[in-house]
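Reader: I want the reasoning behind each label, not just the label. Can we go through them in turn?

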Amino acid sequence: MDLSTKIEETRKRFAQELSAASTQEERDRVKNRYLSGPKCVLRGLFGELGRLSPAQKADGGRALNALKGELEEACRALAQQDRREKEHKLPPDPSLPGRLPPLGRRHPVTQTMDDVIEVFARLGFDVVHGPEIENERNNFQALNIPLDHPSRDAFDTFYLEPPWLLRSHTSPVQVRTMLRRKPPIRVIAPGKVFRPDKADASHLPMFHQVEGLAVGEGVTFAQLKGVLLLFAESMFGVGTQVRFRPSFFPFTEPSAEVDISCFICGAKGCSACKGSGWMEILGAGMVHPHVFEAVGLDPGRFTGFAFGMGIERICMLRHGVADIRYFLENHLRFLEQF
Ligand code: PHE
């Protein structure tokens, strides 16, 4: 029998014996018989190389080395399989730490929105919603913003098929609420608003507002101040002060821009408040008599206050976010900080 036939036979016999061995010990015995020690089968075959011509010797050596590698690999694979089976048979260990699935979280803007809503909910305000697609009447006319009035420019608008548009503020929800409910009314209306602004560090064509409205007999500006002071302290910390600056909105009279004392520097002046000690956070005022007339409420009997704030802006102030566009870029390294 020549060497290559012997190699072929050895390969077959080894495979048969190995698969017949059912325990690790039996397999070890097979392995030793073929692969270990001076008397093993493989050594015997290597010994036969000496009787061959130099050319045959080289071929035979290569074939024998290949066989050796194969046999060793077959033993290794079986041993590994055996180990795995044993591991599977171990009883489960309930003391091992659990595997945590990656958990999501609320977007920072949603968190700020929820915090604002919670403060007003505690003060007895109901949450109401209006549609993002509004009509001109609710977005403008009923809010005392005439069709051709320049104040309309301040609420630059995405127009759809007349009379529809994307609401440019949440104030139309004031109108909808007063048409549906009788005073006393205390509501807040959170939601998206749209303006055709080019995106930059402080503008996006879509952002969020929370609107507030209180209507009843004898609702006063002093109550507006009280409610907004409570809001400022709950949101930004006890001791936060509010400052009302005269302003103009068509749907409130008088109107004010409301600032809070800077909670970063304690109103001393820093980069967050641009050195002034104050941060502008919302617009507010007493409901204009024309608005009451537009919704069929008697301005001689009822008074009310309203306010509106931009949520992205408040979120940026409280977390020191430098650019409003970060909120939409969906980078986890940004979002995971909140
Ligand atoms: N709607 C105004 C805006 O978008 C904010 C506002 C609401 C002002 C209610 C006064 C009263 O800027």
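Author: Yes. By class, the shell around the ligand holds six nonpolar, seven polar and two charged residues. One caution: this model is predicted.

Reader: What makes a residue part of the shell around the ligand, and which come nearest?

Author: A heavy atom of the residue must lie within 4 Å of the molecule. The ligand has 15 residues around it, and the nearest are His-169, Ser-171, Arg-195, Gln-209 and Glu-211.

Reader: Which strands supply at least two residues of that shell?

Author: They are S6 (206-216), S9 (278-287) and S10 (303-310). Strand S10 gives the largest share, three residues.

Reader: Why is the pair of Ser-171 and the ligand called a polar contact?

Author: The cut-off is 3.5 Å between N or O atoms. An N or O atom in the Ser-171 side chain is 2.9 Å from a nitrogen atom of the ligand. That is within the cut-off, so the label holds.

Reader: How do you know that Arg-195 and Gln-209 make polar contacts with the ligand?

Author: Same test, with the limit at 3.5 Å. For Arg-195, a side-chain N or O atom is 2.9 Å from an oxygen atom of the ligand. For Gln-209, a polar side-chain atom is 3.0 Å from a ligand oxygen. Both pass. As for burial, the ligand taken alone exposes 330 Å², and the protein buries 92% of that.

Reader: What is the space taken by the ligand?

Author: That space is the largest pocket.

Reader: Why is the pairing of Arg-76 and Glu-73 called a salt bridge?

Author: A side-chain nitrogen of Arg must be within 4 Å of a carboxyl oxygen of Glu. Here the N to O distance is 2.9 Å. The pair therefore qualifies. A search of the whole structure finds 19 salt bridges.

Reader: How are Arg-76 and Glu-73 placed in helix H4?

Author: Arg-76 and Glu-73 are three residues apart in H4 (residues 54-89), so about one helical turn separates them.

Reader: Which peptide bonds are cis?

Author: One joins Pro-183 and Pro-184, with omega about 5°. Pro-184 is in the loop between helix H7 (172-180) and strand S5 (185-194). Another joins Glu-253 and Pro-254, with omega about -5°. Pro-254 is in strand S8 (residues 252-261).

Reader: What makes Asn-144 worth listing?

Author: Its phi is near 65°, a positive value in a residue other than glycine. Most residues other than glycine have a negative phi. Asn-144 sits in the loop between helix H6 (136-139) and strand S3 (158-159).

Methods
Residues are numbered from 1 along each chain as its sequence is written. This is a predicted model: local features need pLDDT of at least 70, side-chain atom pairs count only at pLDDT 80 or more; totals for chains, interfaces and linings use all residues. Side-chain values use heavy atoms; hydrogens and water are left out. A polar contact is a pair of N or O atoms within 3.5 Å; within protein, one must be able to donate a hydrogen and the other to accept it, and residues adjacent in sequence count only if both atoms are side-chain atoms. Accessible areas come from the Shrake-Rupley method with a 1.4 Å probe; for residues, only the protein chains shown count as cover. On a 1 Å grid over the protein atoms alone, a cavity is a set of points where a 1.4 Å probe fits but cannot get out, and a pocket is an open set with protein on both sides within 12 Å along at least five of seven lines; lining residues have an atom within 4 Å of a point. A molecule sits in a cavity or pocket if more than half of its atoms lie within 2 Å of its grid points. Helices (H or I, at least four residues) and strands (E, at least two) are DSSP runs, numbered from the N terminus. Ala, Val, Leu, Ile, Met, Phe, Trp, Tyr, Cys and Pro count as nonpolar, Asp, Glu, Lys and Arg as charged, and the others, Gly among them, as polar.
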